[in-house]
Amino acid sequence: MINTQHPSRLRCRHAIALCCLTLLLVACSTTGNAPTSTSGILNGKGCLRVGILLPDTSTSDRWEAKDHPLLVQAVKQAIPGVQIDYNNAQGSSDTQLSQAETDLANNDCILIVAPHDSVAAASIVQKALPYHVPVIAYDRLIQSKDTSYYVSFDGVAVGKLQGEYIARHYQAYTLPLEHANVALINGSQTDTNALLFGEGVHQILDPLLVQGTLKNIYETFTPDWNDATAQTEMEVALANLQNNIQIAYIANDGMADSAITALRIAHLNGRVLVTGQDATVTGIHNILAGDQNMTVYKPIIKEAQSVGAVVKALYAGLSTSSLTNGQTVPTVDGGSIMAILDAPIEVDSSNIASTVLADHYVLQSQICVGIRAGTDGVC
């Protein structure tokens with residue numbers, strides 16, 4: 001799919017995507033008589049049973065390897081003696097809604113939800129309302145004005161870090177006086193984060209596109225952040241341009257690894273600038289191997305601790321104003337959700353040791369498999 005549109009039209013695509021979310025939200029809203037709470041707990045005060053719902057196990061290994069244990073730890077520290085009901089939706093919005101309904105029926109009085117689909121999860125919020133159960137949207141925004149809190153990383157900032165890396169390094173992949181062809185493979189259009197990442201990267205790249213320094217030759221969203229689909233998308237972009245691509249903006253490490261497979265088949269791995277996100281073991285390994293240039297590290301322990309702080313305040317019936325500091329994020333149905341947005345960190349070969357290794361987010365034994373000893377002072 002060749003994309004030769006003016007950058008202003010590219011920005012319109014993201015605006016259209018948000019409009020689509022609005023329409024979907026209307027379609028997903030629920031009405032009718034709802035059950036009443038039997039727990040006696042209102043708005044989380046005194047709550048001793050918390051539901052944690054994560055989206056899948058396929059788009060990133062972070063969900064089970066990092067988020068699951070860290071969230072459990074943070075909630076247990078926030079509420080001594082708490083019972084936690086944990087579920088993973090395995091990539092199904094219907095399953096996630098069913099899991100939430102079960103939690104509510106079991107008198108869970110706080111829900112922490114990383115939505116599989118930002119719009120579909122609005123139904124979970126609507127189900128929780130009559131129970132007076134606060135819903136904390138975790139990592140991904142739930143597109144409902146009734147969502148209680150949003151705890152995540154700054155999505156636009158993530159995209160900016162990716163875009164800024166491209167802006168600083170694209171010249172190493174182009175000949176003098178020639179423009180660089182850019183393929184952009186975004187995440188799932190039903191994940192608000194993917195739209196925010198795209199917004200951030202376009203804020204940085206659009207001026208270069210207007211100047212003609214960069215040329216956007218292919219841009220697409222990837223349903224469900226599917227890695228195999230991302231490989232196909234990269235193959236299509238390469239075929240369309242007869243392999244004449246210098247920059248591959250890839251929204252996360254899983255899809256980047258698949259895109260690198262396509263580049264390797266075309267004998268272009270290491271010769272195309274490739275971005276990523278999540279600082280996964282695979283992503284860091286690919287950086288050390290020279291096939292990926294950067295990733296974005298989001299210290300999940302900070303995100304989980306932010307959730308724990310909100311849960312603790314709800315349990316105690318205290319104000320959360322000192323936690324959110326007046327920060328809010330808008331929803332497509334006109335809401336304004338209180339938010340905690342932690343700061344992401346750019347990682348490339350120069351700072352692996354001082355970031356993800358120093359934090360024990362990944363282990364040297366994991367990332368250095370098959371990598372020459374001494375590489376980047378890491379292995």
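# A guided tour of the sheet and its helices

Begin by selecting strand 5 (residues 149-153) and strand 12 (residues 336-342), which pair in the parallel sense over five bridges. The model on display is a predicted one. Within this pairing, select Tyr 149 and then Met 338 of strand 12, its bridge partner. As background, the strands of a sheet pair through backbone hydrogen bonds, in either a parallel or an antiparallel manner.

Next, extend the selection to the whole sheet. Seven strands make up this open sheet, arranged in the order 2-1-3-4-5-12-11 with mixed pairing. Strand 2 (83-88) and strand 11 (328-330) lie at the edges; each has a single partner strand, so one side of each is left without a neighbour in the sheet. On average, and with direction ignored, neighbouring strands of this sheet are turned by 25° against each other.

With the sheet still displayed, add helix 10 (residues 300-316). Helix 10 lies across strand 3 (110-113), strand 4 (135-138), strand 5 and strand 12, and runs at about 165° to strand 5.

Proceed to helix 5 (residues 155-169) and helix 6 (residues 192-211), which pack with their axes 6 Å apart at an angle of about 35°. The crossing of helix 5 with helix 6 is right-handed. To view the contact, select residues of helix 5 including Val 156, Val 158, Ile 166 and Ala 167, together with residues of helix 6 including Leu 196, Phe 197, Val 201 and Leu 208. By class, the residues of the contact of helix 5 with helix 6 comprise 10 nonpolar, six polar and three charged.

A further helix pair follows: select helix 7 (residues 227-240) and helix 8 (residues 253-265), whose axes come within 8 Å and cross at roughly 40°. Helix 7 is therefore oblique to helix 8. Helix 7 and helix 8 form a right-handed crossing. Among the residues that make the contact are Asp 227, Gln 231, Met 234 and Leu 238 of helix 7, and Met 255, Ser 258, Leu 263 and Ile 265 of helix 8. Nine nonpolar, four polar and two charged residues form the contact of helix 7 with helix 8.

Finally, select Thr 102, which is placed in helix 3 (residues 93-105). Is Thr 102 partly exposed, or is it buried? Thr 102 counts as partly exposed because its relative accessibility is 40%. To end the tour, add Gly 51 to the selection: the C-alpha atoms of Thr 102 and Gly 51 are separated by 9.6 Å, while the two residues are 51 residues apart along the chain.

Key. Residues numbered from 1 in each chain as written. Predicted model: local features only at pLDDT ≥ 70, side-chain atom pairs only at ≥ 80, totals over all residues. Heavy atoms only, no water. Helix = DSSP H or I, 4+ residues; strand = E, 2+ residues; numbered from the N terminus. Buried < 20%, exposed > 50% of the residue type's maximum accessible area, 1.4 Å probe, protein only. Axes fitted to C-alpha atoms, helices over the stretch in contact; angles between N-to-C directions. Parallel < 35°, antiparallel > 145°, perpendicular 65-115°, else oblique. Left-handed = near helix turned anticlockwise from the far one by under 90°. Contact = heavy atoms within 4.5 Å. Nonpolar A, V, L, I, M, F, W, Y, C, P; charged D, E, K, R; others polar. Pairing = 2+ DSSP bridges.
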